[in-house]
Amino acid sequence: AAAPDDAAVKSLVDGVAMVERDLASALEKHHVRQVAGVGAPFDHNVHQAVVEIEAPDVPAGHVAQVLQSGYILHERLLRPAMVAVAKAPEAS
């Protein structure tokens, strides 16, 4: 079997990105929005912290990484976002 060429991989990536945009647009049209992600202050009402990590570019207590997106319909939480929260750097 031949390895996929760069054009085929680029075409696949572009197709997936287009489907993702279409899905986001359809969800937005029906008032479904994503929970705030990286850089947002941790909010236990919409985020589920699964790990605390050191992230020099993110303030402590803020979302450093989104492991699974969360969604809100109108003002009702459908699914919390599973996130990694930045912790304060340890003093040396």
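**Exercise 1. Work out how R33 is placed and what it pairs with.**

Let's start with exposure: R33 counts as partly exposed, because its relative accessibility is 41%, and partly exposed covers the range between under 20% (buried) and over 50% (exposed). Keep in mind throughout that this is a predicted model.

Next, find the partner. R33 forms a salt bridge with E75, with the closest N and O atoms 3.5 Å apart. This pair ties together distant parts of the chain: R33 sits in strand β1 (residues 32-34), E75 in the loop between β4 (71-73) and β5 (76-79), and 42 residues separate them.

Finally, check the other end. E75 counts as exposed because its relative accessibility is 71%.

**Exercise 2. Find the other salt bridge and explain the spacing of its two residues.**

First, the tally: the count of salt bridges comes to 2. Besides the E75 and R33 pair, there is one between K10 and D14, where the closest N and O atoms are 2.8 Å apart.

Now the spacing. K10 and D14 are 4 residues apart in helix α1, so about one helical turn separates them. The general rule behind this is that an α-helix has 3.6 residues a turn, so residues three or four places apart point the same way.

Last, exposure: D14 is partly exposed, at a relative accessible area of 40%.

**Exercise 3. Test whether the length of helix α1 fits its residue count, then describe its cover.**

Step one is the expected span. Helix α1 (residues 6-29) has 24 residues, and at 1.5 Å a residue they should span 34 Å. The sum uses one less than the number of residues.

Step two is the comparison: the end C-alpha atoms of α1 are 35 Å apart, which agrees.

Step three is cover. Of the 24 residues of α1, the count of buried ones is 0, so the helix is hardly covered. A26, for example, lies in α1 and is partly exposed, with a relative accessible area of 36%. A26 is also a handy reference point for distance: its C-alpha lies 36 Å from that of K87, with the two positions 61 residues apart in sequence.

**Exercise 4. Which two histidines have a positive phi, and where do they sit?**

Begin with the background: most residues other than glycine have a negative phi.

H31 goes against that trend, with phi near 65°. This histidine follows α1 and has its place in the loop between α1 and β1. H31 is partly exposed, at a relative accessible area of 48%.

H74 is the other case: its phi is positive, about 55°, although it is not a glycine. Look for H74 in the loop between β4 and β5. At 48% relative accessibility, H74 counts as partly exposed.

**Exercise 5. Trace the strands that pair with β6 and say how enclosed β6 is.**

Take β2 to begin with. Strands β2 and β6 run parallel and are joined by 7 bridges. Within that pairing, V51 in β2 (residues 47-54) has A84 in β6 as its bridge partner.

Then take β3. Strand β3 (residues 63-68) and β6 run antiparallel, joined by 4 bridges. Here V63 stands opposite V85 in β6.

Now the enclosure. In β6 (residues 81-87), 5 of the 7 residues are buried, so the strand is largely enclosed by the rest of the structure.

**Exercise 6. Contrast H47 and V51: is each buried or partly exposed?**

Place them both: H47 is in strand β2, and so is V51.

Look at H47. Its relative accessibility is 6%, so H47 counts as buried. The H47 side chain reaches the backbone oxygen of A36 at 2.9 Å.

Turn to V51. Its relative accessible area is 39%, so V51 is partly exposed. V51 joins V50 and L67 in a nonpolar surface patch, whose accessible area together is about 230 Å².

**Exercise 7. Describe V38 and its separation from R21.**

Locate V38: it lies in the loop between β1 and β2. At 57% relative accessibility, V38 counts as exposed.

For the separation, V38 and R21 are 17 residues apart along the chain, and their C-alpha atoms are separated by 19 Å.

Terms used
Residues numbered from 1 in each chain as written. Predicted model: local features only at pLDDT ≥ 70, side-chain atom pairs only at ≥ 80, totals over all residues. Heavy atoms only, no water. Patch = residues over 30% accessible without salt bridge, like charges linked within 9 Å, V, L, I, M, F, W, Y side chains within 5 Å. Areas by Shrake-Rupley, 256 points an atom, 1.4 Å probe, with all protein chains shown as cover. Salt bridge = Lys/Arg side-chain N within 4 Å of Asp/Glu carboxyl O. Helix = DSSP H or I, 4+ residues; strand = E, 2+ residues; numbered from the N terminus. Buried < 20%, exposed > 50% of the residue type's maximum accessible area, 1.4 Å probe, protein only. Pairing = 2+ DSSP bridges. Polar contact = N/O pair within 3.5 Å; in protein donor to acceptor, adjacent residues only side chain to side chain.
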